[in-house]
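Dear colleague,

Here is the structure I promised to hand over, and my notes on it follow below. Please read them with the model open beside you.

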2 protein chains.
Amino acid sequence: MEVARELNYRVDKNAAGLRSRHSNTIALLLFEDSSTDESQINPFFLSMLGSIARAAAASDYDLLVSFQQLSNNWQGRYEASNRADGIILLGYGDYLNYGEKLRALDEGGAHYMIWGPTIEQHDGRSLGCDNVSGGRQSTEHLLSLGRKRIAFLGDNSPGFPEFRARYFGYEAALKTAGIEPDPSLQRDAENSENAGYIAVQSLVLGGADFDAIVTCSDLIAIGALRALQELGKHVPEDVSLVGFDDIPAASYVNPGLTTIRQDTLRAGAMLVDNLIGLIHERSVASALIEPRLVVRRSCGGHPR
Amino acid sequence: MEVARELNYRVDKNAAGLRSRHSNTIALLLFEDSSTDESQINPFFLSMLGSIARAAAASDYDLLVSFQQLSNNWQGRYEASNRADGIILLGYGDYLNYGEKLRALDEGGAHYMIWGPTIEQHDGRSLGCDNVSGGRQSTEHLLSLGRKRIAFLGDNSPGFPEFRARYFGYEAALKTAGIEPDPSLQRDAENSENAGYIAVQSLVLGGADFDAIVTCSDLIAIGALRALQELGKHVPEDVSLVGFDDIPAASYVNPGLTTIRQDTLRAGAMLVDNLIGLIHERSVASALIEPRLVVRRSCGGHPR
DNA sequence: CTGAAAGCGCTTACAG
DNA sequence: CTGAAAGCGCTTACAG
């Protein structure tokens, strides 16, 4: 050992991996919407990246990071070639497209964890925040402030199960309050400022009557805020606004954005822990992480 | 080839790496200031991470990402163990501490690129933005708006060569305008909102007379902005403010932050290209990337 | 140009 | 419990 230290000996990773059949490496695949421009990575996933990197390091795993298009052919690239022992999939995007890819991973016997939607057939291999609860919390907050005509921005189609679950929470909160959801107050929006901006324009220019907006992400909310302000609507006086995620930008905009905070630190740690469990063939359960309301100034009523 | 395709054959990375003595992998080490809290990663480096990931993928290299403390023992972990063919080092932090680490890398024959300061002894292995030019540009912008008493926030000691270079640019611009830099208008600040906040408090509470501030980063500027506003100073009416980096938050704060934009897309691509050059024993030159002024509302004079 | 052999540096399974 | 041997799956250098 002393001599080894003197000679600065290091175990050759390739040789060790070849013999022992594992690499002690996790591959993190980030899927970007093809719509977003190159330089802009979703800040929420960036925050997840940080906590995943920390969690992997804590478990002595190396982390391979790669940005992908969902359409790319990435299924075999990592585990089949023994580059990584397991894969973490991060990204919105149409989950219907995932089906085929996940089947390919399954067939290859790959170990993987998906962040986001709870997928029935992939029990234990998905982890997400409780989106229904998040949608309910933001809606209840607006209701508690006396708002009644609450719009919803986010694509609630089956291809976007996370946004859809948030919509279900919104719907449930309204119904509990005796309010029937009004479809004319819903607008599809993907996760971008621009989508939020356009959705609000469509709402206002379409003559919709609303006093609050629940959004599916802070990015959408920030775009919505900009549109509202340009159209002469005051936030929160005329319209209350709630985001989702609590990305750093949420606290920088004016007024500060009330939002639903996702615990990325916990999420990253659980993704890594569960994946390592799967790698070691332990049985692992899917789980939901509870998000929580963070009150700033965009809804009024509460001081910062 | 057909059979291989049918059987979904993949080359085993470990075996290939063992035999051919290279891994086609780059390790990206991000150094965090011990001072910043866990969850908050410098947004500028996060943006670099994105462009490095893209550039590595474009050159068919895998990217290993790791967050480190500068004090950790990371020198041998990557290249000596054949995990990676080369290393990219990203981070502020006291570069005086780097010396020893870099020597260890050199002794091990490692290939590496450092982002940031130009280090004489490591020609070709460092790449940075032209910080002197950046500091000069922001100061000249303020001078052109009629500002005369321009404060400077950022640690300008030798341990922080990037901030120091920005200070030199500030100094040069002032002298060219016939103004002698006033040391009582300079405050050390590390790269954080909190440091900017405290520095402005110290300036104002110390009775300093200033009508503009040049900062070494957007994070510092955002903290400074908050302090100014809390102390009843209007930006830009009473005090003009310039940031550095152009992180996403710069456009979210109110007023939008005029800043010096670093071209992270180009920087990431050049870091990767130069590193691959070093790996292939090609000779590579150090370079400076020219930053450019982005005008928003925090200096006044110019409309958004 | 083609094809078989050597060997990269480990870890594990096995013989003593 | 200890120590020597086998072999992981490639790529390269070499023989034909």
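**Contacts with the DNA**

A polar backbone atom of Ala15(B) lies 3.3 Å from a base nitrogen of DNA strand D, which falls under the heading of a polar contact (a pair of N or O atoms within 3.5 Å; within protein, one must be able to donate a hydrogen and the other to accept it, and residues adjacent in sequence count only if both atoms are side-chain atoms). Before going further, please note that this is a predicted model, in which local features need pLDDT of at least 70 and side-chain atom pairs count only at pLDDT 80 or more, while totals for chains, interfaces and linings use all residues. Residues are numbered from 1 along each chain as its sequence is written, chains are lettered from A and ligands numbered from 1 in the order in which they are written, and side-chain values use heavy atoms, with hydrogens and water left out.

On the same topic, the side chain of Arg19(B) places an N or O atom 2.8 Å from a base oxygen of DNA strand D, and a polar backbone atom of Asp12(B) is 3.3 Å from a sugar or linking oxygen of that strand. Two or more residues of the surface near DNA strand D are given by each of α2 (13-20) of chain A and α2 (13-20) of chain B, where helices (H or I, at least four residues) and strands (E, at least two) are DSSP runs numbered from the N terminus. The largest share, five residues, comes from α2(B). The residues around strand D include Leu18(A), Arg19(A) and Arg21(A) from chain A, and Tyr9(B), Arg10(B) and Val11(B) from chain B, a residue being near a strand if one of its heavy atoms lies within 4 Å of it. By class, this surface has six nonpolar, one polar and five charged residues (Ala, Val, Leu, Ile, Met, Phe, Trp, Tyr, Cys and Pro count as nonpolar, Asp, Glu, Lys and Arg as charged, and the others, Gly among them, as polar). Of the atoms of DNA strand D within 4 Å of the protein, 68% belong to sugar or phosphate, and the rest belong to bases.

For DNA strand C, a polar side-chain atom of Arg19(A) is found 2.7 Å from a base oxygen, a polar backbone atom of Ala15(A) is 3.4 Å from a base nitrogen, and a polar side-chain atom of Tyr9(A) is 3.0 Å from a phosphate oxygen. The elements giving two or more residues to the surface near strand C are α2 of chain A and α2 of chain B, and α2(A) supplies the largest share, five residues. Among the residues around strand C are Asp12(A), Ala16(A) and Ser20(A), together with Leu18(B), Arg19(B) and Arg21(B). The classes here are six nonpolar, one polar and five charged residues, and 68% of the strand C atoms within 4 Å of the protein belong to sugar or phosphate, with the rest in bases.

**Helix packing**

Two packed helices are described by the angle between their axes and the distance between the axes. In chain A, the axes of α7 (residues 193-205) and α8 (residues 218-230) come within 6 Å and cross at roughly 40°; axes are lines fitted to C-alpha atoms, for helices over the stretch in contact, and angles run from 0 to 180 degrees between N-to-C directions. The helices α7(A) and α8(A) are therefore oblique to each other (angles under 35 degrees count as roughly parallel, over 145 as roughly antiparallel, 65 to 115 as roughly perpendicular and the rest as oblique). The residues of the contact between α7(A) and α8(A) divide into eight nonpolar, two polar and three charged, contact meaning heavy atoms within 4.5 Å.

In chain B, the axes of α5 (residues 131-144) and α6 (residues 161-176) come within 6 Å and cross at roughly 40°, so α5(B) and α6(B) are oblique to each other. Their contact has seven nonpolar, four polar and four charged residues.

**Backbone details in chain B**

The peptide bond from Val235(B) to Pro236(B) is cis, with omega near 10°, and Pro236(B) sits in the loop between α8 (218-230) and β9 (240-242). A cis peptide bond also runs from Asn254(B) to Pro255(B), with omega near 0°, and Pro255(B) is placed in the loop between α9 (249-252) and β10 (259-261). Asp245(B), although not a glycine, has a positive phi of about 120°, and its place is in the loop between β9 and α9.

With regards
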